[in-house]
Amino acid sequence: MRQKSRNRSQPARKVPQKTRKGPQKNSKLVSYLSHHLQMFIASLGYLSRQPVSSLMTSAVIAIALALPAGLYVALDNISQLSAGWDSSTRISLFLKQNVDLKQAEKFATSLRLSKEIENVIIIDRDKGLKQFQSISGFGDAIEFLDENPLPHVITVQPVVEHQHPERVIHLVEALQQENQVELAQLDMQWVKRLYTLLDVARRGVWIIGSLLGLAVLLIIGNTIRLDIQNRREAIEVSKLIGASDAFIRRPFLYTGLWYGLSGGLLAWLLIAVSLGIMAEPVQKLAALYHSSYELSGLNHSNIVTLIMISCGLGLGGSWLAVGRHLSEIEPS
């Protein structure tokens, strides 16, 4: 009977120990999350009590972010506009005189199987001579010719890739090596120059964006440094009563986050307003060229990326400032 009573009493002692640890862990987690929520809201309240300075800081951040983002949107629109010019890119293959029409058709069929070629058109020598007569104005003189001096011509429309326009040049060089081809001529070689300029402009946008991102870090860091100096006495009191650096750091980190978030939203607003101002003149210009082109702005993924970058810069700038200046403040 004593052994049974001892066995019954042992689980009764372990149960309270397990039930005590659970609520303690939950209470610590709840208090930790509640403090973060309090600091998140309190930092917003601190900024709302200084609306003019907070708005000026957010506006500077927005302008610094809107410039590279706006250049990115402009390059994206130019790329979309130039995509319609790819269909006008042609490679003219002037075949040798001894190549007859059947051989030309067989050669054109083999070209259609290539993944680098989108379309192939054969212009036989008789059709080419008629077109030359109607265009050149030498129709009467051409009638006295004993035979047609023009060769068969194959017009090739290549697949133009924005990232690799040089592949068209390689295709022209490869076609020039064919036995049936006398001359391979690229009619729109300027497309390569255009895409090269766009690639240079994209890299320039990345450089400008990186420099302005560094400027945003410095702006937020300097703003947080001033906030730390203004709250120096409160920080000293907090350290006297035993507050940790992580506890003191949180409101400043959330302040930087709010600066970054507001700056990113303002940058998006600036880009949207700028596109709205430019939309009507661009539509009028497109109408003059019989086009229905419309400006495109930032899509959802680009907007999310812009805001995430802005928030990251806000957190990064505030973290650097707090890590450097908070350690310098010690209660005397």
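Let me begin with one pair of residues: Ile122 stands opposite Ile154 in strand 3. I start there because the model, which is a predicted one, can be introduced conveniently from strand 3. The pair belongs to a contact between strand 2, residues 117–123, and strand 3, where six bridges join two strands that run antiparallel.

Allow me to place these elements in the chain. The secondary structure comes to 10 helices and four strands. Along the sequence, the order of elements reads α-α-β-α-β-α-α-β-α-β-α-α-α-α. The chain has 332 residues, and buried residues make up 33% of them.

I return to strand 3, which covers residues 153–158. How many of its residues are buried? Six of the six are, and strand 3 is thus described as mostly covered. The side chains can be sorted by direction. Val153, Thr155 and Gln157 point one way from the strand, while Ile154, Val156 and Pro158 point the other way. Residues of both sets are buried.

Strand 3 also pairs with strand 1, residues 91–95. Here four bridges join the two strands, and they run antiparallel. Two positions illustrate the register. Phe94 has Val153 as its bridge partner in strand 3, and Ile91 stands opposite Val156 in strand 3.

What of strand 1 itself? Strand 1 is mostly covered, with four of its five residues buried. Strand 1 is also joined to strand 4, residues 181–186, by five bridges, and this pair runs antiparallel. In that pairing, Leu95 has Val181 as its bridge partner in strand 4.

With the strand pairings in place, I turn to internal space. The count comes to two cavities of 30 Å³ or more. I shall discuss the second largest, in which about 30 Å³ of space lies. Which residues line this cavity? They are Arg90, Asn119, Ile121, Thr155, Val156 and Gln157. Strand 2 and strand 3 are the elements that give two or more residues to this lining. The largest share, three residues, comes from strand 3. Val156, one of the lining residues, is also the residue that Ile91 stands opposite. Thr155 and Gln157, likewise in the lining, point one way from strand 3, whereas Val156 points the other way.

Next, the charged contacts. The count comes to three salt bridges, and I shall take them in sequence order.

The first I will mention is between the side chains of Asp199 and Arg203, at 3.6 Å from N to O. Both residues lie in helix 7, residues 190–230, and because they are four residues apart there, about one helical turn separates them. How accessible are the two partners? Asp199 counts as partly exposed at 34% relative accessibility, and Arg203 counts as exposed at 56%.

The next salt bridge joins the side chains of Arg232 and Glu236, with an N to O distance of 3.5 Å. These residues belong to helix 8, residues 232–240, and being four residues apart, they are separated by about one helical turn. Arg232 counts as partly exposed, its relative accessibility being 32%.

The remaining salt bridge is formed by the side chains of Glu280 and Lys284, at 3.6 Å from N to O. They are four residues apart in helix 9, so about one helical turn lies between them. Glu280 is partly exposed, with a relative accessible area of 48%. Lys284 is exposed, with a relative accessible area of 53%.

Helix 9 brings me to my final topic, the surface. This helix spans residues 245–288, and Leu269 is found in it. Which residues join Leu269 in a nonpolar patch on the surface? They are Val273, Ile277 and Met278. Together, the four residues have about 400 Å² of accessible area.

To close, I would draw attention once more to strand 3. Strand 3 is joined by four bridges to strand 1 and by six bridges to strand 2, its six residues are buried, and three residues of strand 3 line the second largest cavity.

Conventions
Residues are numbered from 1 along each chain as its sequence is written. This is a predicted model: local features need pLDDT of at least 70, side-chain atom pairs count only at pLDDT 80 or more; totals for chains, interfaces and linings use all residues. Side-chain values use heavy atoms; hydrogens and water are left out. Buried means under 20% relative accessible area, exposed over 50%, partly exposed in between (1.4 Å probe, protein chains only). Two strands pair if DSSP finds at least two bridges between them. Patches are made of residues with over 30% relative accessible area and no salt bridge: like charges are joined within 9 Å, nonpolar side chains (Val, Leu, Ile, Met, Phe, Trp, Tyr) within 5 Å. Accessible areas come from the Shrake-Rupley method with a 1.4 Å probe; for residues, only the protein chains shown count as cover. On a 1 Å grid over the protein atoms alone, a cavity is a set of points where a 1.4 Å probe fits but cannot get out, and a pocket is an open set with protein on both sides within 12 Å along at least five of seven lines; lining residues have an atom within 4 Å of a point. Grid points are joined across faces, edges and corners, and a volume is the space filled by probe spheres set on the points.
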